[in-house]
Amino acid sequence: MKKLKLLTTLIAVIFFSSCNNDDDNKTTETTIAGNWNLIEINSTIMGGKFTFAPGVITWNFNTTTNTFTVVNNNTDASAIYIFNSGTYPYEIIASPIANSICNQSIELNDADYGCLLLTSNSLQINDGAADGVVFKFIR
């Protein structure tokens, strides 16, 4: 009986001592706030797919003022682009449909641009229409 008690105590000590809180120090907040590098626009309306090197076109979302500032350094005249350099309003809208594929949508400069898909390092804005526009960003 003593051996069983000792074995149980030993297992419990090993189990609890192997736990740590390293995961608490690695939390990554998923937020739209901050700088995003536009790397791709895909649209059949605008004539196809346009890619950009990180830093050529950046958007900076300010969650306090609900504005985004675009810095557009694109010099390729063949690459059609929607937003010139400037500051524009935005609004994120929660989906009214529970368990929707798209949990939130985004309005940019008072126009609905569709679904907002956000991770800690990537952002995609997709209006979902067959001829619509898809913006892809990275941090």
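Here is a short working chat about the predicted model shown above.

Reader: To start with the overall layout, how many helices and strands does the chain have?
Author: The chain of this predicted model has 1 helix and 9 strands, and reading along the sequence gives the pattern α-β-β-β-β-β-β-β-β-β.

Reader: And what share of the residues counts as buried?
Author: Of the 139 residues in the chain, 27% count as buried. The area that the chain exposes comes to about 9,100 Å², with carbon and sulfur atoms supplying 54% of it.

Reader: What about contacts between residues at least 6 apart in sequence, how many of those join residues at least 24 apart?
Author: Within the chain, 40% of the contacts between residues at least 6 apart join residues that are at least 24 apart.

Reader: Let's go to the sheet; which strands pair with β1, and in what sense?
Author: Strand β1, residues 34–43, pairs with β3 in the antiparallel sense over 4 bridges. Strand β2, residues 48–51, is joined to β1 by 4 bridges, and these two run antiparallel. Strand β9, residues 133–138, is joined to β1 by 6 bridges, again in an antiparallel arrangement.

Reader: Which residues could I look at to find those pairings on screen?
Author: For β1 with β2, look at Ile41, which stands opposite Phe50 in β2. For β3, Trp36 stands opposite Trp59, and for β9, Ser43 has Val133 as its bridge partner.

Reader: Staying in β3, is Thr58 buried or exposed?
Author: Thr58, which lies in strand β3 at residues 57–62, is buried because its relative accessible area of 18% falls under the 20% cut-off.

Reader: Which residues does Thr58 touch, if we ignore those up to four places away in sequence?
Author: Leaving those out, Thr58 touches Trp36, Asn37, Thr69, Val70 and Val71. Trp36 in this list is also the residue that stands opposite Trp59 in β3.

Reader: Changing topic, how many disulfides are there, and which cysteines form a disulfide?
Author: The count comes to 1 disulfide, formed by Cys102 and Cys115, whose sulfur atoms are 2.2 Å apart. The pair links distant parts of the chain, with Cys102 in the loop between β5 (86–94) and β6 (104–108) and Cys115 in strand β7 (residues 111–118), the two being 13 residues apart.

Reader: What is its handedness, and are the two cysteines buried or exposed?
Author: The link of Cys102 and Cys115 is right-handed, with 115° about the S-S bond, and both cysteines are buried.

Conventions:
Residues numbered from 1 in each chain as written. Predicted model: local features only at pLDDT ≥ 70, side-chain atom pairs only at ≥ 80, totals over all residues. Heavy atoms only, no water. Buried < 20%, exposed > 50% of the residue type's maximum accessible area, 1.4 Å probe, protein only. Contact = heavy atoms within 4.5 Å. Areas by Shrake-Rupley, 256 points an atom, 1.4 Å probe, with all protein chains shown as cover. Disulfide = S-S within 2.5 Å. Pairing = 2+ DSSP bridges.
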